[in-house]
Amino acid sequence: MTAEIFTPTVAVTMTPSAVTHVRKQLEKKPEAKGIRLAIRKSGCSGFKYETQWVEEAAADDRVFHIDGVDVFVKEEHLPLVNGIEIDFVTEGVNSMFQFRNPNATAECGCGESFTVA
């Protein structure tokens with residue numbers, strides 16, 4: 001009998017708009033190595049997305065290389081964001097990241113937080 005190691009595939013993607021935005025911001029922050037997609041408990045639905053500039057990777061980071069942009073995600077957050085697409089959109093005078101998460105089973109009315117079953 002042989003043992004086979006199974007490593008599930010985890011995916012994080014970015015739209016061209018998000019890649020362009022992050023690249024422009026990184027040009028202004030030479031100390032930053034990429035962007036972190038973080039999750040924290042918050043809001044009425046349970047979890048909230050946060051983005052942060054990363055100067056040094058942590059030991060528990062998974063790094064996704066997307067068109068020259070490094071996206072850092074803590075290992076513990078991977079089940080919550082697997083398959084997520086990060087977009088950067090402009091609506092009127094407001095520009096923001098938008099997260100399309102196939103794992104989200106509900107979102108609060110204001111879009112501030114989400115639930116994963």
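**Exercise 1.** Identify the bridge partner of S42 in β3, and place this pair within the pairing of β2 with β3.

*Solution.* Step 1: in this predicted model, S42 has G46 as its bridge partner in β3. Residues are numbered from 1 along each chain as its sequence is written, and strands are DSSP runs (E, at least two residues), numbered from the N terminus, while helices are runs of H or I with at least four residues. Step 2: β2 and β3 (residues 46-54) run antiparallel and are joined by nine bridges; two strands count as paired if DSSP finds at least two bridges between them.

The model is predicted, with pLDDT of at least 70 needed for local features and 80 or more for side-chain atom pairs, whereas totals for chains, interfaces and linings use all residues. Side-chain values use heavy atoms, without hydrogens and water.

**Exercise 2.** Determine how β2 relates to β5.

*Solution.* Step 1: β2 and β5 (residues 69-74) run parallel, joined by two bridges. Step 2: R36 has its bridge partner in β5 at F72.

**Exercise 3.** Describe the sheet that contains β6, and explain why β1 and β7 stand at its edges.

*Solution.* Step 1: the open sheet has three strands in the order β1-β6-β7, with mixed pairing. Step 2: β1 (12-14) and β7 (94-100) each have a single partner strand, so one side of each lacks a neighbour in the sheet. Step 3: β6 (residues 84-91) pairs with β7 in the antiparallel sense over seven bridges, and D87 stands opposite Q98 in β7. Step 4: helix α1 (residues 16-28) packs on this sheet, touching β1, β6 and β7; contact means heavy atoms within 4.5 Å.

Terms used: Axes fitted to C-alpha atoms, helices over the stretch in contact; angles between N-to-C directions.
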